[in-house]
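Welcome, and thanks for taking a look at this one with me. Below are some notes to read alongside the model, taken one place at a time.

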Amino acid sequence: MITVSASLKKELQEFARAHGCELFGIAPVALFDELEFYPKWLSAGYAGNMDYLHRQLPKRLDARQILPEVKSVIVIGVIYHTPQPLSLEIRDPERGWISRYAWGDDYHDVLLRKLEALDGFLRTRVGAEYQGKFYVDTGPVLDRVFAKYAGIGWFGKNTNLINQKLGSWFFIGELLTNLALEIDAPPPDRCGTCQRCLDACPTDAFVAPYVLDASRCISYLTIELRGVIPDELRAPLGNHLFGCDICQDVCPWNRKAAVTETPEFLPRPNAVAPRLSELAELSEEDFRQRFKNSPVKRAKWRGFMRNVLVALGNSGERAFLEIVKRFMDHSDPMLAETARWAAQRLQTAEEEKREQENVAFSHEFV
Ligand code: SF4
Ligand code: SF4
C-alpha cells in the first residue's frame, strides 16, 4: 500500500485547476448500483448499432480489470459552454444546428493533454510506485458513474451529468490510479418534479426518466448511425446536423451555466448555426478541411451530407428543392434515397402552404 500525504489531493486539485479543469473529484472503486443497469440497458437494444459499447464488458463493470491495483479514480470536468444562442433560439429555416460541444477542437485531444499533465505530476510526486491510466471516452470505463461518485454532478432525468453550480455543458475525463486518495461524495439528485427535458425531446427518446433509448436520440442518428435514418424519425430531426442540445437547452440548471475558459472550445468560424445551402456544396475534401480536428469529422462526409439533406427537407424552403434534386441520382443509394425523401417533403410543404393561402384568401370574401 502506498502512503499518500494528506496534502496530495489538494495539490493535485490546484494543479488541475491551473490546467483549466473547472471540475475535479475523486471516486472510490466499487461495484456501484449503476453498473448493474448498464448490461440491462444494452440488452434492451437501447445502444442501437453502437457495438463498441458491448465490448470489454468485464472491464467496464470493474475497473480492477483495467488496473489491478486501482484504489481511486480522479475525475476532471472541463466546461465547453460559450455565450452563443441556444439551439431553440435559432428560428432561421435556412440554418442547421451543430451541437455546441462540437464548435471547437476535438475534446478528446484537449482533455487527454490535461490528464497527461496530471499523470506526470503524480509520477513526479510519488515516484516509481505510482500507477495511472487515463481515458477520455475511448476506454472501457463507465466514466459518468465515476464522475457522479467523484461529486462532479448527479445524473439528470436527461441522463446528463449536472453540476449544481456550473450546469451540464462540460466534458469529463478520468485517471485510474493505485493511490488511495481521499474520496468525494456523490451529490443529491436535484431534478425534483421537473421533467422539461423529457417533454422537449423531439424523438421521444426517453423510455422513462433517467433512461435513454439512444437508438432514437438525434445524437446517435446524426453521428453514430451509418445507414439511412428511419423514416419516422426524419421529420423530428428538424435542422439537426450533428448532435442535439435540446434536453440540455431546456434544463433550468443551465440557465446560468458557466462559460468556458478553454480557448480550444471557442466556436470556429461558421460553426454556430451554419447555412444549409453552403454545407450542401461541401465536397469530401472540403469537409475534411473544414472539420479537421473537430468532433464533427466523426460523422464522415457521407453521414453529414445525409443529415444536411434531411435538414433541407425539413426546412420548408422551396428554394432548397433544386439543391436537394442534385442528390437524387447520387451514386450512394443512401444519399439518393434521402434526397428523394427531402424533395417529396419540400413539395408537400409547398402544397400545404398554397392550400392554406387559398383558404385564407377565400375567407376574406365570405
Ligand atoms: S439529445 Fe435531443 S434527441 Fe437526444 S434525448 Fe436529448 S432532446 Fe432527445
Ligand atoms: S430538465 Fe429538469 S428533469 Fe431534466 S435534467 Fe434538467 S432538472 Fe432534471
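**Notes for a first look**

1. Let's begin with a pair of strands: β1 and strand β2 (residues 72-79) are paired in the antiparallel sense, with 6 bridges between them. This is a predicted model, so please read every value here as computed from it. If you would like one position to find on screen, P28 stands opposite S72 in β2.

2. How many residues of strand β1 are buried? The strand covers residues 23-28, and 6 of its 6 residues are buried, so β1 is largely enclosed by the rest of the structure. Both of its faces are covered. On one side you will find L23, G25 and A27, and on the other F24, I26 and P28, all of them buried.

3. From β2 we can step across to β7. These two strands run antiparallel and are joined by 8 bridges. Here I74 has L175 of β7 as its bridge partner. Strand β4 (residues 132-135) also pairs with β7 in the antiparallel sense, over 4 bridges. In that pairing, G132 is matched with T177 of β7.

4. Is β7 mostly covered or uncovered? It is mostly covered, with 8 of its 8 residues buried. F170, I172, E174 and L176 point one way from the strand, while F171, G173, L175 and T177 point the other way, and all are buried. Do note that E174 is listed among these buried residues.

5. T177 deserves a closer look. This residue belongs to strand β7, which spans residues 170-177. Why does T177 count as buried? Its relative accessibility is 0%, and buried means under 20%. The side chain of T177 reaches the backbone oxygen of Q131 at 3.2 Å. Setting aside residues up to four places away in sequence, T177 touches L67, E69, V70, K71, S72, I74, Y130, Q131 and G132.

6. Now to helix α12, where M305 is found. M305 is buried, with a relative accessible area of 1%. Which residues does M305 contact, once its neighbours within four places in sequence are left aside? They are L279, A280, L282, F327 and L335. M305 and E281 are 24 residues apart in sequence, and their C-alpha atoms are 9.4 Å apart in space.

7. Just past that helix comes S315, in the loop between α12 (300-314) and α13 (321-325). Although S315 is in a loop, this residue is buried, with a relative accessible area of 13%. A polar atom of the S315 side chain lies 3.1 Å from the backbone nitrogen of E317. Not counting residues up to four places away in sequence, S315 touches P93, F320 and L346. The C-alpha atoms of S315 and R95 are separated by 8.5 Å, with these positions 220 residues apart along the chain.

8. For a contrasting loop position, try Q56, in the loop between α2 (33-43) and α3 (57-61). Q56 is partly exposed, with a relative accessible area of 43%. How far apart are Q56 and Y107 in space? The distance is 23 Å from C-alpha to C-alpha, and the two are 51 residues apart in sequence.

9. Next, the ligands. Around ligand 1 are C201, P202, T203, F206, L212, C217, I218, C244, I246 and C247. By class, this shell has 9 nonpolar residues, 1 polar residue and no charged residues.

10. Ligand 2 is surrounded by G156, K157, N158, I162, C191, C194, Q195, R196, C197, C251, P252 and W253. Its shell has 7 nonpolar, 3 polar and 2 charged residues. Two cysteines from this list can be compared by exposure: C194 counts as partly exposed at 26% relative accessibility, whereas C197 counts as buried at 9%.

11. With cysteines in both shells, you may wonder about disulfides. A disulfide is a covalent bond between the sulfur atoms of two cysteines. How many disulfides does the model have? Taking a disulfide as a pair of cysteine sulfur atoms within 2.5 Å, the count comes to 0.

Technical notes:
Residues are numbered from 1 along each chain as its sequence is written. Chains are lettered from A and ligands numbered from 1 in the order in which they are written. This is a predicted model: local features need pLDDT of at least 70, side-chain atom pairs count only at pLDDT 80 or more; totals for chains, interfaces and linings use all residues. Side-chain values use heavy atoms; hydrogens and water are left out. Buried means under 20% relative accessible area, exposed over 50%, partly exposed in between (1.4 Å probe, protein chains only). Contact means heavy atoms within 4.5 Å. A polar contact is a pair of N or O atoms within 3.5 Å; within protein, one must be able to donate a hydrogen and the other to accept it, and residues adjacent in sequence count only if both atoms are side-chain atoms. Two strands pair if DSSP finds at least two bridges between them. A residue is near a molecule or strand if one of its heavy atoms lies within 4 Å of it. Ala, Val, Leu, Ile, Met, Phe, Trp, Tyr, Cys and Pro count as nonpolar, Asp, Glu, Lys and Arg as charged, and the others, Gly among them, as polar.
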